[in-house]
Amino acid sequence: MPDLNPRAVMGANVQPEIDYAKEESERLLSEYAALAETTAILEIDSDKVPDVIPDDAGKAVVVDLIKRIRDTKVRIEAIHGVEKQPHFRRGQGVDQFFFGLWDRLLKRSRTARDGIGDELGKKLTAYDTRVLLEEQERRAPKVIEHQNG
């Protein structure tokens, strides 16, 4: 039965035809342009702060700027979680599907349950061991018993 995905060629280093990262980055930039703009404005405002804060008014500006920066970071963190979750769960689904097939064939770690290839390998090893022992027995010198007297 052929693979349903023509890119899934055995042993090939399959590169996706679509640059999913670029596609996703462009979508996010489009959907969250205001957030990117807010970040850029915060950077510009930060560059305007002198190395030495001159007075209480200057301090108030910096305190306000830090508050805006932290608020924006909280928004970014929240949106990141919302955007990442579907991709994370899809990745888990991909792993579950393909690792499930893989595990049925060959175990992926020493502690995992044997797959059918592992079981066949054990049978082959048992056969080879049996044949080797039989050959060693056949070639072993025969001990002749001497009877005394």
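Entry 1. Terms and model.
I count a residue as buried under 20% relative accessible area, as exposed over 50%, and as partly exposed in between. I note that the structure is a predicted model.

Entry 2. One residue checked against the terms.
I looked up Phe97 and found a relative accessibility of 49%. That value lies in between the two cut-offs, so I wrote Phe97 down as partly exposed.

Entry 3. Aromatic pairs.
I searched the whole structure for aromatic pairs and got two. In one of them, the ring centres of Phe97 and Phe98 are 4.9 Å apart and the planes stand at 85°. Planes over 60 degrees apart count as edge-to-face, so I entered Phe97 and Phe98 as an edge-to-face pair. Phe99 and Trp102 make an aromatic pair too, with 5.6 Å from centre to centre and 70° between the planes. I logged the pair of Phe99 and Trp102 as edge-to-face.

Entry 4. Where Phe99 and Trp102 sit.
I traced both Phe99 and Trp102 to helix α3, where they are three residues apart, about one turn of the helix. I then asked whether Phe99 is buried, exposed or partly exposed. Its relative accessibility is 29%, so Phe99 is partly exposed. Trp102 has a relative accessible area of 43%, so I put Trp102 down as partly exposed as well.

Entry 5. The chain as a whole.
I counted four helices and zero strands in the chain. Along the sequence I read the pattern as α-α-α-α. The chain has 149 residues, and I found 7% of them buried. For the surface I noted about 13600 Å² exposed, with 59% of it supplied by carbon and sulfur atoms. I also looked at contacts with a separation of 6 or more: residues 24 or more positions apart account for 37% of them.

Entry 6. The second largest pocket.
I recorded a volume of about 280 Å³ for the second largest pocket. This pocket is lined by 13 residues, and the closest to its centre are Leu28, Leu29, Tyr32, Ile79 and Glu83. Which elements give two or more residues to the lining? I found α1 (20–31), α2 (33–47) and α3 (56–105). Helix α3 gives the most to this lining, with six residues. I sorted the lining of the second largest pocket by class and got seven nonpolar, three polar and three charged residues.

Terms used. Residues are numbered from 1 along each chain as its sequence is written. This is a predicted model: local features need pLDDT of at least 70, side-chain atom pairs count only at pLDDT 80 or more; totals for chains, interfaces and linings use all residues. Side-chain values use heavy atoms; hydrogens and water are left out. On a 1 Å grid over the protein atoms alone, a cavity is a set of points where a 1.4 Å probe fits but cannot get out, and a pocket is an open set with protein on both sides within 12 Å along at least five of seven lines; lining residues have an atom within 4 Å of a point. Grid points are joined across faces, edges and corners, and a volume is the space filled by probe spheres set on the points. Ala, Val, Leu, Ile, Met, Phe, Trp, Tyr, Cys and Pro count as nonpolar, Asp, Glu, Lys and Arg as charged, and the others, Gly among them, as polar. Buried means under 20% relative accessible area, exposed over 50%, partly exposed in between (1.4 Å probe, protein chains only). Contact means heavy atoms within 4.5 Å. Accessible areas come from the Shrake-Rupley method with a 1.4 Å probe; for residues, only the protein chains shown count as cover. Rings of Phe, Tyr and Trp (its six-membered ring) pair if their centres lie within 6.5 Å; planes under 30 degrees apart count as stacked, over 60 as edge-to-face and the rest as tilted.
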